[in-house]
Amino acid sequence: MREQTTQDRRPVMVTTIHRGVFAGLLVEDHGETVVIEDARMCVYWDASTRGVLGLARHGPGPLCRISPAAPRLTLRGVTAVADLTPQAWERWRQEPWG
């Protein structure tokens, strides 16, 4: 797959075989390996988030723990890539650390 242009990049949430949960702007998708920019990791989410898909739909809440952003991140062992809603991406970008 080609690298996407800035206009093509969309906010996604990525899960890995090691149970990592990340969000960022999708740059490259090679199946089990993806590259995201403006990347953050969800270290903890509480029950009100309603699971990992709640992070994609609604974003992290005030009790979640979201890391600071890394400029670019390559993830291997990818198990899922989910599009984020605009509301969810905005909340990820706020980096709550409850």
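**Entry 1: glutamate 95**

I began with glutamate 95, which counts as partly exposed because its relative accessibility is 27%. The model I am reading is a predicted one. I noted that glutamate 95 follows helix 2 and that its phi is positive, near 50°.

I then looked up the partner of this side chain. Glutamate 95 and arginine 40 meet in a salt bridge, with 3.1 Å from N to O. Glutamate 95 lies in the segment after helix 2 and arginine 40 in strand 3, so the pair ties together parts that are 55 residues apart in sequence. Is arginine 40 buried or exposed? I recorded arginine 40 as buried, because its relative accessible area is 7%.

**Entry 2: helix 2**

I turned next to the helix that precedes glutamate 95. Helix 2 covers residues 86-93, and I found Ala88, Trp89 and Trp92 buried in it. Seen down the helix axis, the buried residues fall within an arc of 100°, so they line one face of helix 2. I recalled the general rule that an α-helix has 3.6 residues a turn, so residues three or four places apart point the same way.

Against which elements do the buried residues of helix 2 pack? I listed strand 1 (11-16), strand 2 (21-29), strand 3 (33-44), helix 1 (52-57) and strand 4 (65-66).

**Entry 3: other salt bridges**

I searched the whole structure for salt bridges and noted seven. One of them joins aspartate 83 to arginine 10, whose closest N and O atoms are 2.6 Å apart. Aspartate 83 lies in strand 6 (residues 78-83) and arginine 10 in the segment before strand 1, so this pair ties together parts that are 73 residues apart in sequence. I entered aspartate 83 as partly exposed, at 48% relative accessibility. Arginine 10 is also partly exposed, with a relative accessible area of 34%.

I then examined glutamate 37 and arginine 72, whose side chains meet in a salt bridge of 2.9 Å, N to O. Glutamate 37 belongs to strand 3 and arginine 72 to strand 5 (residues 70-76), so the pair ties together parts that are 35 residues apart in sequence. Arginine 72 counts as partly exposed because its relative accessibility is 41%.

Which residues are linked with glutamate 37 and arginine 72 in a network of salt bridges? I found Arg9 and Glu28 in that network, together with Glu37 and Arg72.

**Entry 4: the cysteines**

How many disulfides are there? My count came to zero. I looked into why cysteine 42 has no such bond. The closest cysteine sulfur to that of cysteine 42 belongs to cysteine 64 and is 5.3 Å away, which is too far for a bond; a disulfide would need the two sulfur atoms within 2.5 Å. Cysteine 64 is accordingly in no disulfide.

I also checked how far these residues are covered. Cysteine 42 is buried, with a relative accessible area of 5%, and cysteine 64 counts as buried at 0% relative accessibility.

**Entry 5: a nonpolar surface patch**

I closed with the surface. Which residues form a nonpolar patch there? I recorded Met41, Val43, Tyr44 and Trp97, with about 420 Å² of accessible area together. Methionine 41 is found in strand 3, and I entered methionine 41 as partly exposed because its relative accessibility is 33%.

Key:
Residues numbered from 1 in each chain as written. Predicted model: local features only at pLDDT ≥ 70, side-chain atom pairs only at ≥ 80, totals over all residues. Heavy atoms only, no water. Buried < 20%, exposed > 50% of the residue type's maximum accessible area, 1.4 Å probe, protein only. Helix = DSSP H or I, 4+ residues; strand = E, 2+ residues; numbered from the N terminus. Arc of directions from axis to C-beta. Contact = heavy atoms within 4.5 Å. Patch = residues over 30% accessible without salt bridge, like charges linked within 9 Å, V, L, I, M, F, W, Y side chains within 5 Å. Areas by Shrake-Rupley, 256 points an atom, 1.4 Å probe, with all protein chains shown as cover. Salt bridge = Lys/Arg side-chain N within 4 Å of Asp/Glu carboxyl O.
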